[in-house]
Amino acid sequence: MWMESKARLPILLFEEKIVETVDNNPVVVIIGETGSGKSTQLSQILHGKGYTRSRCIAVTQPRRVAAVSVSRRVSQELGVTLGKEVGYAIRFEDRTSDETVIKYLTDGVLLRESLSDPELKPYSVIILDEAHERSLNTDILLGLMKRLIKIRPFNLKVLITSATLDGEKVSRFFSNCPILNVPGKLFPVEIEHSSKMPKSYIEDSLSTAIEIHVREPAGDVLIFMTGQDDIEKMVAKLEERIQTLEEGSCMDAMVLPLHGSLPPELQVRVFTPPPLNCRRFIVATNIAETSLTVDGVAYVIDAGFVKQRQYNPLTGMYSLDVVQISKVQATQRAGRAGRTRPGKCYRLYTSAVYDEFLDVTIPEIQRSSLAGTVLYLKSLDLPDIDILKFDFLDPPSAESLEDALKQLYLIDAINEDGSITSLGRTMAELPLEPSLSRTLLEANEYGCLAQALTVAAMLSAETLLFLGQSKGVGKKRKQTLSHLPDGSGWGDHIQLLQIYELWDQADYDINWCKDNNLQVRGMMFVKDVRVQLSDIMHKIAKGNLDVRSSNRRKEGQDYRALRKALCSGYANQLAERMMRHNGYRTLGYKSQLAQVHPASVLKLDDDGKLPNYVVYHELIATTRPFMRNVCAVESHWVGPILAKLDKLDIVKLSGGIKKVSDEKPLVENSNQPEDAVDIALLSDDRNAKIAAARERFLARQAHR
Ligand code: CDP
Ligand code: MG
């Protein structure tokens, strides 16, 4: 079956040209429609031409799902066991062996490998796949590759592949390297814009889907949704509506969800052909836009939205916004309908709305927190790489670099001149965000490493833990876990720890998870991650690990050492309680009002008050700023952090770069008595300033 379809893949028609160009050039850009065979075939072609004789081929993917699914497909095509000749490596999961010659890995894993081996010596070819996604990590790899090909001009080939990327721009970035275009679109796609504004994008998608099913000839339907919750809703509604259709009035139907948190065995269902006389409805996130190709699709329903996580470096706040897609994305989505026969794309927005779409999607590097990235680049310690002058395809904003430097300084990863400390170096070796790396190292000092490892592992898997919700957000967590430990009032980190410890006491019984509404897969993942983190800690602590820690070590009920370690790690994510309001104002960032997330287990004390100080894992903007995952800390731990904030000099930290923002210092006088803080002033005046700053920030981004 696959042999047939493989033979038709457009990229195979260009095999000779590709090999010749790669042989003669260190860097080649390959542009080809999604589904033309870039991800699955390029590695095999170069493998066939001897590029794996002494070294391996690495293919990076921005998405974990894609790394797993594509490597599985390639191992099948080559008739080998996955994990042998062909394997994959994603964070916390390595399925490669000594025999592996074609290795699919996430871009993050390749970055990590380059920490211990900056020349990436095991590889003869590095394919940066899906470069159009412009993931933060791929963008950094682009910069690193530029340097690496100068160091290894004779034994390294770099391929950059993309479905839609502006090839010229990347080619210029790599001294005008050749661009190969693989024409791929097989059949024309008719595009139909809606004539009116959509009412509800779920309802409109639903009625369009039913319309297609009733009226149009055979062919699968691909429906783009923004996230798991909407997908689940849509799948349920669609199934219900199909049930009500008169028996025999149309062909059979099958509704399949497709998103990143779907268990692997459910993900692969979309790659198996449907039974005869049955139409499939695939309800997907934008994962189906370019990274995964589903064959058989003839109809696409595109509501024009995507969920995007954005970070505002001025406020330290994340927002998960449903935003309009870009024109490039709209074209991509439509293209999915023409893979196997002429198709049709139903856009649920008017052509006037389409005209307002941004031309291209804003790269992730311009909407992310960069603390981890800056620490990574600093720890590479390459004499010719200066983070602030690092060669980016699209540079991040000065604000986000400053924000990263400030955070790293507060957690002692860099000193006041901006150079990396030995602590910072050690932190960079952990595959965690800097705040959690710092927490682990600190916990090791305080004798509570075992607990901190558990917390870090639980946070890494949080989205997989709690049943019946996608993001661990919302009140549900509190309800489903009402019978589970409550963090003894100290907050959510402690609760995560207590949950795991109970499971440990139940000897990791999977029924315990089921009884407690926790996902077995998620908890198993935590257990595995915990072991891996512990191994890495053993390596980097070089025997200096606090052996007193054991998983069941009994501490008092106040979890003081662990909370203190968390306080050090989250030094930049600190908030002080406001009088009267039971709300908080953030201290590490521009002061703003924030509430403890309703799902939190943090408790009021006997006087009905929340703790004076908390640290938080994330600040999320929904209806207002919410601190998600908070932990109570003690006032006298906070003093030294505030002192550090006070004398922080961002100009010095950035090695003397000009300060872009003409805003006031990052923190106002924090010694004011609480009563003196005028809440109305703070919320109006400060918030107005913050809003203005955010608008400027977004305006600048839109300009790029
Ligand atoms: O990377 P690109 O989008 O150019 O194409 P690809 O991922 O290499 O896909 C080439 C073909 O392999 C398509 O027809 C896919 O449907 C198929 N494929 C598959 O059946 N199963 C996978 N896990 C991956 C690809
Ligand atoms: Mg691909």
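1. Strand S3, which spans residues 86-90, is largely enclosed by the rest of the structure, because five of its five residues are buried. The model is a predicted one, and the description that follows should be read accordingly.

2. The burial of S3 concerns both of its faces. On one side lie Val86, Tyr88 and Ile90, and on the other Gly87 and Ala89; all of these residues are buried.

3. S3 has a parallel neighbour in strand S5 (residues 102-106), to which it is joined by four bridges. Within this pairing, Gly87 of S3 has Lys103 of S5 as its bridge partner.

4. S3 also pairs with strand S4 (residues 93-95), here in the antiparallel sense and over three bridges. Tyr88 of S3 is matched with Arg95, its bridge partner in S4.

5. The connection between S3 and S4 deserves a separate remark. The two strands form a hairpin with two residues between them. In the turn, Phe92 has a positive phi of about 70 degrees.

6. A further point concerns the metal site. Ser39, through OG, and Glu130, through OE, coordinate the magnesium ion (ligand 2) at 2.0 to 2.7 Å. Ser39 belongs to helix H3 (residues 38-48), whereas Glu130 lies in the loop between strand S6 (123-128) and helix H6 (136-151), so the pair ties together parts that are 91 residues apart in sequence.

7. Are the two coordinating residues, Ser39 and Glu130, buried or exposed? Both Ser39 and Glu130 are buried.

Definitions and conventions:
Residues numbered from 1 in each chain as written. Chains lettered and ligands numbered in written order. Predicted model: local features only at pLDDT ≥ 70, side-chain atom pairs only at ≥ 80, totals over all residues. Heavy atoms only, no water. Donors = N, O, S within 2.8 Å, 3.2 Å for Na, K, Ca; no water. Buried < 20%, exposed > 50% of the residue type's maximum accessible area, 1.4 Å probe, protein only. Pairing = 2+ DSSP bridges.
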